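Work through the exercises below with the sequence and the coordinates open. Each task is followed by a solution in steps.

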Amino acid sequence: MAVTIKTYKIEGMDCANCARTITNGVSKFPGVSDVEVDYIGGTLKFAGEVPEAALKQRVSVLGYKVADGDVGAGLKPAPISENAIFAFARYLLRETDTRLAVIGGAMILLGIVVSFFSDAVGTALFVAATLVALYPVARSGIANLRINHDFSINLLMTIAAVGALAIGETLEAATVVFLFAVGEALEGFTTDRARQSIRSLMTLVPATAIKLHGDHEYIVPIEELVVDDLILVKPGERLPADGMIASGESGIDQAPVTGESVPVSKRAGDEVFAGTINGSGALEITVTRATADNTISRIIRMVEEAQSARAPSQRLVDQIARVYTPAIVVVGLVVALVPPLIFNAPFYDVGNTHGWLYRALSLLVIACPCALVISTPVTVISAITAAARRGVLIKGGAHLEALAGIRAIAFDKTGTLTQGKPTVMASRSVDCETGEDCSRCDDVLALANAVERRSAHPLAQAVVTAAQNRGLAAVYPSAEAVESLAGRGVQGQIRGKQVTVGSHTLFDAEYPHSDAFCDLVHQAEARGETTMLISVGDKVRGYIGVADQVRPESADVVRQLRDLGQQTIMLTGDHAVVAQAVADQVGVDAVRADLLPEDKVTAVRELLRDYGQVAMIGDGINDTPALAAATVGIAMGGAGSAQALETADVALMADDLSQLPFTLTLARFARSLIRQNVTISFSIKLVFLVLALLGATSLWAAVLADVGTSLVVTLNGMRPLRTRQRS
């Protein structure tokens, strides 16, 4: 019998402790297994049957909420551009628990005013404020202890508040609970805004599309679009679906998907993506992916999965937090009881000196691990989201941290450092008139075009494209009786004469030519060009040099990486001469040529041995084994390749190599922020723990320090979101 997998959206989670509390609570239901709570995505998944009412009641009593509606409803983004103060005020008034905290705060202010006239009434208001604001906190803490047998942060605060009331510190008790509740709400608010920053991509896709059927146009919801539907996109509109242009031509702004800052010219046969912006031309587009599987949806889904994949430092912090809270309760008991029992120190306050019970309560407050457990995930969320906005998909916190430690980067050549498309660099006639392109050189290209016109070979396509660009495509009719020469070339009949297009080796063996012409061919080959020689009958007419052009940005990218302290190595299956020519142009530190796919894996493993952590960047298909062997595998062109999205640890969505230095810098920045946040959290905790033991701090100051620390590390961790898009 198949086990049902249930998925629910959960509201109110802001740290790993929240996820663990819900995981433990839901796991207690009979027949439930494989409980998985993702506090970044805000989802709960489990196998088994649980009545929804019982689930909602269990989650509610633990202090959280099962959202109504479909799990995907939570993808609607909040207006993150809204003024943060007003947004937080609305956030406080949205839920019952936070509204009780606001009511408690109002009662504290009223109690302070009334205290000038009546201490008794003021004290009563402080007690009432404590109880009102404490109710959801205590309910959650006690429920977690009862159901999960676990000491939570809420239980720590409940003990501290009740203890403060017991010793007559009513104002401090009320202030502690109010500040704690507001601090928890602030953590949830800031985490939610970081979480929703990637979901803002959902607004890029219009809600409806213009569907064409015959001569009629219909406006339909995008969810109703299916593969092969024909849709119309007018100038200036956003594309509602991934597809292939059936007719029309326009510039497409692809920045929302790929991070490209310049619109890309698109025409019939070109692929386009949902969420991108049409330029000045109307387009008819054939839908190639359903809405749930379009590029924007895949990016959001994979980034959310990446955000929930915890970084090593985050896993370490979570493990510490798991034993931290119960340990603090034990330490609090020791602090409260041992000095009075053994050293006859005061248990209660004496005059202006705090007793050891008060010090223990202060210790419980300041020891709250909130700041520590949110220090890493907020930074990871922000960095992954900032990268996605630039067209770089990082598949998890572990890969983000690994990128920060990379010491060497291995590049595939074809399609990575080069454009991956052979281009005619030169055509030369044996009797060239000028030493540059001339009419006789054009005739050599026109002859080759006539023979190669019907071939799908990349070199043949380069010749055909060059002939079309020079207006030579119709100089000669297509060759007849075309036949392949077993890997050495091709020949055919043009106007009754045999025309041969072949390798230098073929011509050396069968078509005599001068030493001077042979030297020209060797010079072209030394520049990294693949040469094709052309003859009419037995007479050699010239040669064509074809090369895979280096990307314009490659040399600058390699230079930036070297400035970042990276060793750069090119791994290619191409010949050593061609590989070295490309290496000289881009400036890599080392070249390894003539490599089969398994040789590339061996090379990556050798680099790992030499440098420790190595990234491999390739096209995500032919280089998959090497990408998998590297510490971090980086695929080019993720926007158009589902395989690249699935197989690589990092995908450059726009096929834009220039994003690589940015990504490396971002990863190092995120690692620095994580270290800063952990240091800040531990340092402030340590200072106030010492002050609490010395009796030199108050309960409200302790909780204010805790809330302040949580706010500081959260805002610090969100700094990557302010990374500006390159213009």
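## Exercise 1: Confidence and overall make-up

Task: State how far the model can be read, then describe the chain as a whole.

Solution. The model is predicted. The mean pLDDT of the protein chain is 85, and 87% of its residues reach 70 or more. Over residues 70-81, however, the pLDDT is below 50, although this stretch has 19 contacts in the model beyond near neighbours in sequence. Where pLDDT is low, the predicted coordinates should not be read in detail.

For the chain as a whole, the secondary structure comes to 26 helices and 26 strands. Of the 727 residues in the protein chain, 53% are buried. Among contacts with a separation of 6 or more, 67% are between residues 24 or more positions apart.

## Exercise 2: The open sheet

Task: Give the strand order of the open sheet of 7 strands, and explain why β14 and β23 each have one side without a neighbour in the sheet.

Solution. Step one is the order, β14-β26-β25-β24-β15-β22-β23, with mixed pairing. Step two concerns the ends: β14 (392-394) and β23 (590-592) stand at the edges and each has a single partner strand, so one side of each is left without a neighbour in the sheet. Step three is the twist: neighbouring strands are turned by 20° against each other on average, direction ignored.

Step four looks at one pair. β22 and β23 run parallel and are joined by 3 bridges. Ile569 stands opposite Ala590 in β23. Step five adds a helix: α22 (residues 597-611) packs on the sheet and touches β15 (408-412), β22, β23 and β24 (614-618). The direction of α22 makes about 165° with that of β22.

## Exercise 3: A residue inside the sheet

Task: Decide whether Thr568 is buried or exposed, and list its contacts outside the local sequence.

Solution. Thr568 lies in strand β22 (residues 567-571). Its relative accessibility is 0%; buried means under 20%, so Thr568 counts as buried. Leaving aside neighbours within four places in sequence, Thr568 is in contact with Ile409, Phe411, Val558, Leu561, Arg562, Gly587, Val588, Asp589 and Ala590.

Gly587, one of these contacts, follows helix α21 and has a positive phi, near 85°. The buried residues of α21 (residues 576-586) are Val578, Ala579, Ala581, Val582, Ala583 and Val586.

## Exercise 4: Nonpolar cores

Task: Identify the residues with the most contacts inside the largest nonpolar core, and the helix that gives the most to this core.

Solution. The largest nonpolar core has 40 residues, and Leu403, Ile409, Ile617 and Ile634 have the most contacts inside it. Helix α25 (residues 659-694) gives the most to this core, with 7 residues. A second, separate core has 39 residues, including Met157, Ala160, Val329 and Leu363. In soluble globular proteins, nonpolar side chains tend to be buried together.

Ile634 can be followed further. Not counting residues up to four places away in sequence, Ile634 touches Leu403, Ala615, Met616, Ile617, Gly618, Leu627, Ala648, Val650, Leu652 and Leu660.

## Exercise 5: Cysteines

Task: How many disulfides does the structure hold, and how far from the sulfur of Cys441 is the nearest cysteine sulfur?

Solution. The structure holds 0 disulfides. Cys441 is in no disulfide; its nearest cysteine sulfur, that of Cys438, is 3.4 Å away. The cut-off for a disulfide is a pair of sulfur atoms within 2.5 Å. Cys441 is buried, with a relative accessible area of 0%. Cys18 also counts as buried, at 5% relative accessibility.

## Exercise 6: Two helix residues

Task: Describe the surroundings of Met107 and Glu184.

Solution. Take Met107 to start with. Met107 lies in helix α4 (residues 96-115) and is buried, with a relative accessible area of 19%. Outside four places in sequence, Met107 is in contact with Leu125, Ala128, Ala129 and Val132. Met107 and Ala124 are 17 residues apart in sequence and 10.0 Å apart in space, C-alpha to C-alpha.

Now take Glu184, in helix α7 (residues 170-199). Glu184 is partly exposed, with a relative accessible area of 22%. Not counting residues up to four places away in sequence, Glu184 touches Asp14 and Cys370. Glu184 and Ser710 are 526 residues apart in sequence and 8.9 Å apart in space, C-alpha to C-alpha.

Terms used: Residues are numbered from 1 along each chain as its sequence is written. This is a predicted model: local features need pLDDT of at least 70, side-chain atom pairs count only at pLDDT 80 or more; totals for chains, interfaces and linings use all residues. Side-chain values use heavy atoms; hydrogens and water are left out. Helices (H or I, at least four residues) and strands (E, at least two) are DSSP runs, numbered from the N terminus. Buried means under 20% relative accessible area, exposed over 50%, partly exposed in between (1.4 Å probe, protein chains only). Contact means heavy atoms within 4.5 Å. pLDDT is the predictor's confidence in each residue, from 0 to 100. A nonpolar core is a set of buried Ala, Val, Leu, Ile, Met, Phe, Trp, Tyr and Cys residues joined through side-chain atoms within 4.5 Å. Two strands pair if DSSP finds at least two bridges between them. Axes are lines fitted to C-alpha atoms, for helices over the stretch in contact, and angles run from 0 to 180 degrees between N-to-C directions.
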